[in-house]
Amino acid sequence: MNLRGQIAATVALVSVLVAITVGLLVHRASVAQHTGQARKAAENALESVLDGYARGGDLGLAWGASTSDPALPEELRRLAERGRHGSVLGAGPNGTVMWAAAPLGLGPGTGNDGAAAQVLSVRIDYADDERAIAQLDRSIQVSAALSVAVTVLAGVFAADRISGRLRTAARTARTIAKGDLTARIGPIGGPRDEVTELASAVDSMAGVLSSKLANEQRFTADVAHELRTPLTGLLTAAELLPPGRPTELVQDRVRVLRSLTEDLLEVSRLDAGADRPELTAVQLGPVAARVVAAATAPTELRIESDALVTTDVRRLDRVLSNLVANAHRHGRGPVLVRVEGPVLTVRDHGPGYPEDVLAEGPQRFRTGARERGHGHGLGLTIAQGHAEALGIALTLANHPEGGALAELRLPSAEG
């Protein structure tokens with residue numbers, strides 16, 4: 001359940017509980033008031049009948065006064081027989097009534113022989129009170145339903161505003177996470193509250209990250225440019241050394257260092273978005289065949305079905321050659337390049353990609369696992385950067401039968 005639903009559900013639950021509590025309290029107070037009034041009226045009627053009987057010996061017909069009324073509740077009858085006055089709410093001949101009873105005196109022939117005194121009872125109709133209580137209960141139910149509905153609507157409205165502002169902040173945060181550090185939440189309306197503070201904090205964080213990334217890119221580009229010239233001279237000087245094993249080692253290390261410098265320059269250009277892709281429609285099979293033919297180690301090519309795709313050939317060559325080189329360097333042969341329509345895969349038979357690479361993607365200057373060999377970790381980073389610039393979906397996985405599997409899904413140009 002999203003935040004809006006949680007707030008609405010909480011408001012609804014609290015509103016229902018408050019309405020039930022208030023309704024029960026009002027109902028009990030109303031019942032107590034009506035019962036008290038009926039009890040007082042019945043006791044007053046009983047006193048009037050007793051006074052009339054004492055003066056004239058006649059019970060009269062008011063309030064249903066009678067002696068030994070068979071409808072009189074048994075507990076009240078026993079109470080009066082013990083010589084006490086009392087009242088109770090119970091059933092009458094025509095509905096609920098308030099009974100009041102008292103001993104009338106001992107009858108002829110009674111005394112200490114244990115004969116029971118006559119019981120005088122009166123009853124007050126309670127039907128009007130019941131109708132009033134029922135009407136009050138209905139009013140409470142309608143009022144509670146209306147108040148709950150209004151409260152829930154108000155809660156949903158408030159939750160929707162909060163949820164909408166948070167969704168705006170979340171969308172911007174996701175945009176920043178995808179690499180667009182120029183995205184900002186900006187003013188999102190509403191009062192100055194925690195959501196506004198969150199939006200301001202995210203914008204501030206994006207600004208700091210953008211500044212730091214720009215400084216890092218500038219530093220990387222400057223270092224690579226500064227190293228390029230002396231490395232070119234060093235490579236030229238190494239070529240002039242006399243033949244021998246030491247010369248070969250020096251020349252190999254200089255070439256590796258120059259390759260690393262070129263990779264750093266390419267990474268800085270990708271980070272800065274300096275190069276615009278030149279998209280054209282090409283057949284994927286010949287591109288893959290050219291890269292496989294130029295590979296430094298034996299590579300198998302299988303073209304299941306060719307396809308016309310839209311891409312930048314130079315960048316696609318770089319992506320595919322990096323994936324093939326990575327498979328040879330960190331995996332084991334045979335290395336297989338397969339073309340199936342607009343989908344191109346590169347598979348080796350080595351230990352596979354480490355878990356952190358599969359979970360987080362390629363990281364520069366990290367090869368991920370010792371069994372994948374040593375290196376500076378820029379090959380996959382550059383391949384991923386070019387793939388993103390070309391709109392190619394690059395997926396890294398481990399094959400069920402063993403080995404690392406890289407899949408490129410290119411935009412089709414057919415039609």
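This section describes the overall composition, nonpolar cores, helices and selected residue environments of a predicted model.

The secondary structure of the predicted protein comprises 9 helices and 11 strands. Of its 415 residues, 35% are buried. When contacts between residues at least 6 apart in sequence are considered, 62% of them join residues at least 24 apart.

The largest nonpolar core contains 30 residues, of which Leu 320, Leu 323, Leu 344 and Val 346 touch the most other members. Two or more residues of this core are given by each of the helices α6 (284-294), α7 (313-330) and α9 (378-390), and likewise by each of the strands β8 (335-340), β9 (343-347) and β11 (404-409). The largest share, 6 residues, comes from α7. With residues up to four places away in sequence not counted, Leu 320 touches Ala 288, Val 291, Val 337, Leu 344 and Val 346. A second core, separate from the one just described, has 16 residues, and Ala 65, Ala 100, Val 122 and Ile 124 are included in it.

Ile 124 is located in strand β4 (residues 118-125). Its relative accessibility is 16%, and Ile 124 therefore counts as buried, the cut-off being under 20%. Beyond the residues up to four places away in sequence, Ile 124 touches Ala 41, Ala 42, Ala 45, Trp 63, Val 97 and Met 98. The C-alpha atom of Ile 124 is separated by 8.5 Å from that of Ala 100, a residue 24 places away along the chain. Strand β4 also holds Gln 118. In contrast to the burial of Ile 124, Gln 118 is partly exposed, with a relative accessible area of 36%. Gln 118 and Pro 103 are 15 residues apart in sequence, and their C-alpha atoms are 5.8 Å apart in space.

The geometry of helix α3 was examined next. This helix covers residues 127-177, and its 51 residues should span 75 Å at 1.5 Å a residue; the C-alpha atoms at its ends are 72 Å apart, in agreement with that expectation. The buried residues of α3 are Asp 129, Ile 133, Ile 140, Ala 144, Val 148, Gly 155, Ala 159, Ser 163, Arg 165, Ala 169, Thr 172 and Ile 176. An α-helix has 3.6 residues a turn, so residues three or four places apart point the same way. After α3 comes Gly 179, which has a positive phi, near 115 degrees.

Val 148 also appears among the contacts of Ser 15, a residue of helix α1 (residues 3-56). Ser 15 has a relative accessible area of 11% and is therefore buried. Apart from neighbours within four places in sequence, Ser 15 is in contact with Val 148 and Thr 151.

Two packed helices are described by the angle between their axes and the distance between the axes. For α6 and α7, the axes come within 10 Å and cross at roughly 50 degrees. Helix α6 is therefore oblique to α7. The crossing in which α6 passes α7 is right-handed. On the α6 side, Leu 284, Val 287, Ala 288, Arg 290 and Val 291 meet Val 313, Leu 316, Asp 317, Leu 320 and Ser 321 of α7. Pro 286 also lies in α6. With a relative accessible area of 46%, Pro 286 is partly exposed. Its C-alpha atom is 9.6 Å from that of Ile 303, 17 residues apart from Pro 286 in sequence.

The loop between α7 and β8 contains Pro 334. The peptide bond that joins Gly 333 to Pro 334 is cis, and its omega is near 0 degrees. Pro 334 is one of the residues touched by Arg 347, which lies in strand β9. Arg 347 counts as buried because its relative accessibility is 13%. Besides Pro 334, and not counting residues up to four places away in sequence, Arg 347 touches Val 335, Leu 336, His 399, Glu 401, Gly 402, Ala 404 and Leu 405. From C-alpha to C-alpha, Arg 347 and Val 335 are 5.7 Å apart in space, with their positions 12 residues apart in sequence numbering.

How values were computed
Residues are numbered from 1 along each chain as its sequence is written. This is a predicted model: local features need pLDDT of at least 70, side-chain atom pairs count only at pLDDT 80 or more; totals for chains, interfaces and linings use all residues. Side-chain values use heavy atoms; hydrogens and water are left out. A nonpolar core is a set of buried Ala, Val, Leu, Ile, Met, Phe, Trp, Tyr and Cys residues joined through side-chain atoms within 4.5 Å. Buried means under 20% relative accessible area, exposed over 50%, partly exposed in between (1.4 Å probe, protein chains only). Helices (H or I, at least four residues) and strands (E, at least two) are DSSP runs, numbered from the N terminus. Contact means heavy atoms within 4.5 Å. The expected span of a helix is 1.5 Å times one less than its number of residues. Axes are lines fitted to C-alpha atoms, for helices over the stretch in contact, and angles run from 0 to 180 degrees between N-to-C directions. Angles under 35 degrees count as roughly parallel, over 145 as roughly antiparallel, 65 to 115 as roughly perpendicular and the rest as oblique. A crossing is left-handed if the near helix is turned anticlockwise from the far one by less than a right angle, and right-handed if clockwise.
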